[in-house]
Amino acid sequence: MPHAPAKPLSLEEFKKQRKKPRDVNKEFAEKMSRIDRFAVWITERVGTIGFFLIIFVWTVLWLAWNFLAPKDLQFDPPMGFVFWLFISNLIQILLMPLIMVGQNIQGRHAEARAENDLEVNIKAEQEIEVVLRHLEYQNAILITMLGKMGVSVEDALRK
């Protein structure tokens, strides 16, 4: 007769040992400063097709006006476009570090979510192990019951 495994934890005992799940998104949001929120907000907006279209339309209008408008209404002489280059460079200089800051913050948030996912997976593995122990325990009980009834497992499976 097989040796019965130790009695597994009850559901209540297991629940007492289990830690409450964390809301990593809420925790991360609470730790962010105003400037961090601003950097993430800018990063999320600049990386959209809408922002691209705004820059594209602004550029087309600027260049078209300074190519096609009467000479006395042009404010940035064609072929030089010094003022347009200055504004474009200014936008790039200001946005580049701000986007990098936002991406770093988003990266930290992603890392926190990944760590939380690992914790959840470890908890799920522990829960599966508890379920498997229960199944093993129930299997041992059934085999013992069959033995007391005088029926072998092979006979029980054949019927």
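## Exercises on an all-helix chain

The protein chain has six helices and zero strands. Helices (H or I, at least four residues) and strands (E, at least two) are DSSP runs, numbered from the N terminus. This is a predicted model: local features need pLDDT of at least 70, side-chain atom pairs count only at pLDDT 80 or more, and totals for chains, interfaces and linings use all residues. Residues are numbered from 1 along each chain as its sequence is written, and side-chain values use heavy atoms, without hydrogens and water.

### Exercise 1. Overall shape

Compare the radius of gyration of the protein chain with that of a compact globule of 159 residues.

Solution.
- Take the radius over C-alpha atoms; the globule rule is 2.2 Å times the number of residues to the power 0.38.
- A compact globule of 159 residues would come out near 15 Å, but the protein chain has 33 Å.
- Check the extents: the C-alpha trace spans about 110 × 40 × 15 Å along its principal axes.
- Then check burial. Buried residues (under 20% relative accessible area; exposed is over 50%, partly exposed in between; 1.4 Å probe, protein chains only) make up 19% of the 159 residues.
- One pair illustrates the span: the C-alpha atoms of lysine 20 and leucine 68 are 66 Å apart, with their positions 48 residues apart along the chain.
- Lysine 20 sits in the loop between helix 1 (11-17) and helix 2. Lysine 20 is exposed, at 73% relative accessible area.

### Exercise 2. Helix 4 against helix 5

Describe how helix 4 (residues 49-68) and helix 5 (residues 82-149) cross.

Solution.
- Two packed helices are described by the angle between their axes and the distance between the axes.
- Axes are lines fitted to C-alpha atoms, for helices over the stretch in contact; angles run from 0 to 180 degrees between N-to-C directions.
- The two axes come within 11 Å and cross at roughly 165°.
- Therefore helix 4 is roughly antiparallel to helix 5 (over 145 degrees; under 35 is roughly parallel, 65 to 115 roughly perpendicular, the rest oblique).
- The crossing of helix 4 with helix 5 is right-handed: the near helix is turned clockwise from the far one by less than a right angle, whereas anticlockwise would be left-handed.
- Now list the contacts (heavy atoms within 4.5 Å). Phe51, Trp58, Thr59 and Trp62 of helix 4 meet Phe83, Trp84, Ile87, Ser88 and Leu95 of helix 5.
- Sort these residues: seven nonpolar, two polar and no charged. Ala, Val, Leu, Ile, Met, Phe, Trp, Tyr, Cys and Pro count as nonpolar, Asp, Glu, Lys and Arg as charged, and the others, Gly among them, as polar.

### Exercise 3. Helix 2 against helix 5

Which residues make the contact of helix 2 with helix 5?

Solution.
- Start with the geometry. Helix 2 (residues 24-31) packs on helix 5 at about 145°, with the axes 10 Å apart.
- Helix 2 contributes Val24, Asn25 and Phe28; helix 5 contributes Ile105, Arg108, His109, Ala112, Arg113 and Asn116.
- This contact holds four nonpolar, three polar and two charged residues.
- Follow asparagine 116: beyond its neighbours within four places in sequence, it contacts Arg22 and Val24. Asparagine 116 counts as buried, at 13% relative accessibility.

### Exercise 4. Backbone in a loop

Is phenylalanine 81 buried or exposed? Set it beside methionine 79.

Solution.
- Most residues other than glycine have a negative phi.
- Methionine 79 has a positive phi, near 75°. Phenylalanine 81 has a positive phi of about 45°.
- Methionine 79 lies in the loop between helix 4 and helix 5, and so does phenylalanine 81.
- Phenylalanine 81 is buried at 10% relative accessibility, whereas methionine 79 is exposed at 71%.
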